[in-house]
Amino acid sequence: MAAEELQEIARAIVADGKGILAADESSGTIKKRFDSIDVESTEETRRAYRELLFTTEGVEDYISGVILYDETIRQKASDGTPFSRLLQSKGIIPGIKVDTGAKPLAHAEGETVTEGLDGLRERLAEYHELGARFAKWRAVISIGEEIPSEYCIWVNAHALARYAALAQEAGLVPIVEPEVLMDGEHTIDRSFEVTSRTLHAVFTELRDQRVQPEGILLKPNMVLPGYESSSQVPDDEIANETVRCFLRHVPAAVPGVVFLSGGQSEEEATRRLNAMNAIGPHPWKLSFSYGRALQATALKAWQGKEENVEAAQQGYYHRAKMNGAATTGTYVPELERETVTA
Ligand code: 5MM
C-alpha cells in the first residue's frame, strides 16, 4: 500500500486528545479478567462485554482505534451490526491482534518468543476484508537476574519486523509492541537498560526488513522500577527516563508512541502519560493503547449484569476522557472528581 495511506491511518490514531482501547484479550486472558468478577467466560458473555464497550456513547471523542481479537472481529452487536462496522460508524478505526501468543523459547529458560508468522499474509488479507486498518503483535521480554538474553531480544525483534513488513504490505498499520514486563524487583535503571537494548534491536530489524517508520506505531512499556522493587520513584522521573530512552532509539519519522499500561493502576497510567506530554514537545505523539487501565473500573462495575451496563460505560468513558487529556498534557487529578457521565 502507498506509504501516504499508512501514514494517514497512523496519524489519525494519534490525533490530539485520542488513543487506543486494547480490547484484544485472548480467550485465556479475558477468562482471567472475568474470573476476577466471577463471570463465566463464554462466547456470549465476551460478546456482551465488548458490545458494552463499543457502544459507549461519546467515547469516540477520546478513542480513535480499538484492537480486536480474532473472535471479536467476527462478532456482531445485538442489532446484528458487525462490531467492525459499528466502530467505523462512530469514526473509530478497527484493529486486530495477529500474533498467536508468546511461547517458551528453546534453550532459554524463562524466556518466550511470540509466534504467529505462519499464514500471516493470508490472515492479514482476510482481516483487511473484515475492516481492520491496523494490526498488533506483542513480544514479551522479562527482566530477571540473568535475563533477558540478547538471543531472546533479537529473535523477538526479528519476528516483530517480519510481521510489520507483512502488515504494511497488506495495508494495515503495524503496531509494534515490544513489552518489557514491569514485574520484578529491578530498579528503574535496569528497566532503562533493558528497554534500550530492546528498542535498539527492534528498530534495527525494522530498518533491515524495509519497514517504513512513517507507517508504524510503537507500543512500548514505560520505563519504571519493577513492581516488587524497593526503590519506587515519582512520576516525573518515570516520564523523564522514558522520554530519554526513546529519544535515543525511536526515529523521529515514527508518528506515534502508544503506551501499554502493563498493570499500573488506572490513575498511574494517566498521570505518567500526562507527565511525559507536559515536558514536550517530542518528535512523536505520545498516546495510549491501554487494556487494563481503560477497563478496570468498567469491568468491576459491570459484574456481568445488564442493569450495570450504564455504570460500566460511564467508568470506561471517564478513563478514556482522562487519558485523552493526558495526551495533551492537560490532565490534572481534580478532573477525576468531575461527573463521570457521558
Ligand atoms: C488487552 O491485552 C492484550 C492481549 O493480551 P494477551 O494476548 O496476553 O491476551 C495485550 O497485548 C495488551 O494489548 C497490552 O498488553 C496492553 O494492555 P495493558 O493491560 O498492558 O494496558
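**A tour of the largest pocket and three backbone sites**

Begin with the largest pocket of this predicted model, which holds about 760 Å³ of space. Its lining is made up of 32 residues, and if you select Thr 29, Arg 33, Lys 97, Lys 136 and Arg 138 you will have those closest to the centre of the pocket. Next, colour helix H2 (27-35), helix H6 (120-129), strand E6 (134-141) and strand E7 (173-180), each of which supplies at least two residues of the lining. If you then colour the lining by residue class, it divides into 15 charged, nine nonpolar and eight polar residues.

Now display the ligand, which sits in this largest pocket. The elements that give two or more residues to the shell around the ligand are E6, E7 and strand E10 (285-290). That shell contains 18 residues, and the ones to select as coming nearest to the ligand are Ser 26, Thr 29, Lys 97, Lys 136 and Ser 261. By class, nine residues of the shell are charged, six are polar and three are nonpolar.

With the ligand still in view, turn to individual atom pairs. Select Thr 29, where a polar side-chain atom lies 2.5 Å from an oxygen atom of the ligand. Move on to Arg 138, which places a polar side-chain atom 3.4 Å from an oxygen atom of the ligand. At Gly 262, show the backbone, since the atom to look for there is a polar backbone atom, 2.8 Å from an oxygen atom of the ligand. Taken on its own, the ligand has 510 Å² of accessible area, and the protein covers 91% of that area.

The remaining stops concern the backbone. Most peptide bonds are trans, and most residues other than glycine have a negative phi. Select Ile 147 and Pro 148 and inspect the peptide bond from the former to the latter, which is cis, with omega near 10°; Pro 148 is found in the loop between E6 and helix H7 (150-169). Then go to Gly 280 and Pro 281, where the connecting peptide bond is also cis, with omega near 5°. To place Pro 281 in the fold, follow the loop between helix H10 (266-278) and E10, the latter being one of the strands that contribute to the shell around the ligand.

Finish at Asp 38, a residue other than glycine whose phi is positive, near 60°. Asp 38 is found in the loop that runs between H2 and helix H3 (43-54), and H2 is among the elements you coloured earlier for their part in the lining of the largest pocket.

Note on methods: Residues are numbered from 1 along each chain as its sequence is written. This is a predicted model: local features need pLDDT of at least 70, side-chain atom pairs count only at pLDDT 80 or more; totals for chains, interfaces and linings use all residues. Side-chain values use heavy atoms; hydrogens and water are left out. On a 1 Å grid over the protein atoms alone, a cavity is a set of points where a 1.4 Å probe fits but cannot get out, and a pocket is an open set with protein on both sides within 12 Å along at least five of seven lines; lining residues have an atom within 4 Å of a point. Grid points are joined across faces, edges and corners, and a volume is the space filled by probe spheres set on the points. Helices (H or I, at least four residues) and strands (E, at least two) are DSSP runs, numbered from the N terminus. Ala, Val, Leu, Ile, Met, Phe, Trp, Tyr, Cys and Pro count as nonpolar, Asp, Glu, Lys and Arg as charged, and the others, Gly among them, as polar. A residue is near a molecule or strand if one of its heavy atoms lies within 4 Å of it. A polar contact is a pair of N or O atoms within 3.5 Å; within protein, one must be able to donate a hydrogen and the other to accept it, and residues adjacent in sequence count only if both atoms are side-chain atoms. Accessible areas come from the Shrake-Rupley method with a 1.4 Å probe; for residues, only the protein chains shown count as cover. A molecule sits in a cavity or pocket if more than half of its atoms lie within 2 Å of its grid points.
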